[in-house]
Amino acid sequence: MSASFRKLALIGIGLIGSSIALAARRHNLAETIAIATRKAETLEEARALDLGDIYTLDAAEAVKGADLVILCAPVGAYEQIMRTIAPALEPGAILSDVGSVKKHVVKVVTPYLPAGVTFIPGHPLAGTEHSGPSAGFAELFIGRWCVLTPAADVDPIQLEKLSAFWRAMGSQVEAMDAEHHDMVLAITSHIPHLVAYNIVGTVADLEADTKSEVIKFSASGFRDFTRIAASDPVMWRDVFLTNREAVLEMLGRFLEDLSVLQRAVRNGDGPALEALFTRTRAIRRSIISAGQETAAPDFGRPPQPAPAKPEEGAA
Ligand code: NAP
């Protein structure tokens with residue numbers, strides 16, 4: 001099935017929206033790309049980067065005549081966006097999104113859905129800690145999963161059309177239930193972010209001299225948490241506001257396991273610690289064999305030369 005659409009409308013043009021725009025254009029997946037966003041300066045940035053063909057601050061204008069509409073804004077903005085675009089959505093169009101939570105998205109989008117529009121929620125499991133239109137790149141989705149959470153009675157032709165679109169951008173596509181998605185993502189993505197925000201927050205509260213030591217010696221582990229904890233604050237606020245149940249369920253298990261580890265450390269239980277660390281190492285190896293990570297040491301980053309010391313008197 002062809003992955004091509006007549007008009008693709010992207011509502012929100014940050015990291016994910018701009019990456020879709022670039023990949024769709026590279027692979028010729030839409031005749032016209034319309035971009036809508038909230039702020040005039042973001043729209044101008046998108047225009048300067050030549051991400052689309054039509055630029056507007058009116059989301060309803062962008063979706064007029066579009067046969068594929070993808071919401072690429074933080075999930076907290078969806079309801080207000082739906083109120084704006086619902087009357088302008090074309091019968092026959094596919095409406096999708098890229099939000100990191102799915103049950104909440106189904107709940108807020110469905111009541112606004114006009115007859116004849118097929119809603120297929122989506123979530124590309126791809127991203128970086130950067131945000132905004134200039135953060136995007138066409139290769140972002142290559143080799144990454146895109147999870148779709150269609151309703152059981154979805155039109156299979158529309159589902160295949162959207163799946164083909166994501167495959168053409170390099171993704172592998174899997175369909176699952178929205179609730180299952182939220183539980184899986186709570187542990188694979190949301191809890192790791194919460195842990196990273198917490199550990200980096202702990203450092204932020206340390207006294208100044210200890211903090212400077214942490215920054216100096218950060219490559220011994222802390223640095224890798226800071227990358228995750230540098231992710232967009234608004235997007236992540238919305239994730240924790242809208243996937244509360246699944247996050248609390250997984251957080252409960254995480255805290256139980258942390259208590260077991262705490263006891264092993266207190267009791268000097270070497271065999272228990274070694275047994276756990278051996279099991280976790282195996283998980284890392286299976287992620288590498290699944291092609292979701294490189295086996296290169298130091299998370300694939302080549303060693304960088306030390307930055308030159310600034311000249312005496314330089315600013
Ligand atoms: P981002 O870089 O911060 O961009 C968000 C975009 O949404 C900006 O263009 C922002 O525009 C726009 N926006 C905000 N409120 C809006 C509104 N009311 N109407 C229209 N546009 C609005 O965020 P992102 O990383 O691309 O994330 C976008 C979505 O992708 C989120 O739902 C997130 O959960 C999901 N996601 C993110 C990642 C990741 O790693 N970052 C991965 C997978 C999925 P203005 O500047 O005009 O406000």
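## Around the ligand

Let's start with one contact: the side chain of R38 has an N or O atom that sits 2.7 Å from an oxygen atom of the ligand. Keep in mind that this is a predicted model. Backbone atoms join in too. A polar backbone atom of I13 is 3.0 Å from a ligand oxygen, and for A73 a polar backbone atom is 2.8 Å from an oxygen atom of the ligand. On its own the ligand would expose 900 Å², and the protein buries 90% of that.

Who makes up the surroundings? The ligand has 28 residues around it, and the closest are T37, R38, K39, T42 and S100. Sorted by character, the shell has 13 nonpolar residues, twelve polar ones and three charged ones. Helix α1 (15-26), helix α4 (78-85) and strand β7 each chip in at least two residues of that shell.

## The sheet that β7 belongs to

Strand β7 also has a place in an open sheet of three strands, ordered β7-β8-β9, with mixed pairing. Because β7 (122-124) and β9 (172-175) stand at the edges with a single partner strand each, one side of each has no neighbour in the sheet. On average, neighbouring strands here are turned by 20° against each other, direction ignored.

Now zoom in on one pair. β7 and β8 (residues 145-148) run antiparallel and are joined over three bridges. Which residue of β8 is the bridge partner of H123? That's V147.

## A helix across the strands

Finally, there's helix α6, covering residues 156-168. This helix lies across β7, β8 and β9, and runs at about 165° to β8.

Methods:
Residues are numbered from 1 along each chain as its sequence is written. This is a predicted model: local features need pLDDT of at least 70, side-chain atom pairs count only at pLDDT 80 or more; totals for chains, interfaces and linings use all residues. Side-chain values use heavy atoms; hydrogens and water are left out. Two strands pair if DSSP finds at least two bridges between them. Helices (H or I, at least four residues) and strands (E, at least two) are DSSP runs, numbered from the N terminus. Axes are lines fitted to C-alpha atoms, for helices over the stretch in contact, and angles run from 0 to 180 degrees between N-to-C directions. Contact means heavy atoms within 4.5 Å. A residue is near a molecule or strand if one of its heavy atoms lies within 4 Å of it. A polar contact is a pair of N or O atoms within 3.5 Å; within protein, one must be able to donate a hydrogen and the other to accept it, and residues adjacent in sequence count only if both atoms are side-chain atoms. Accessible areas come from the Shrake-Rupley method with a 1.4 Å probe; for residues, only the protein chains shown count as cover. Ala, Val, Leu, Ile, Met, Phe, Trp, Tyr, Cys and Pro count as nonpolar, Asp, Glu, Lys and Arg as charged, and the others, Gly among them, as polar.
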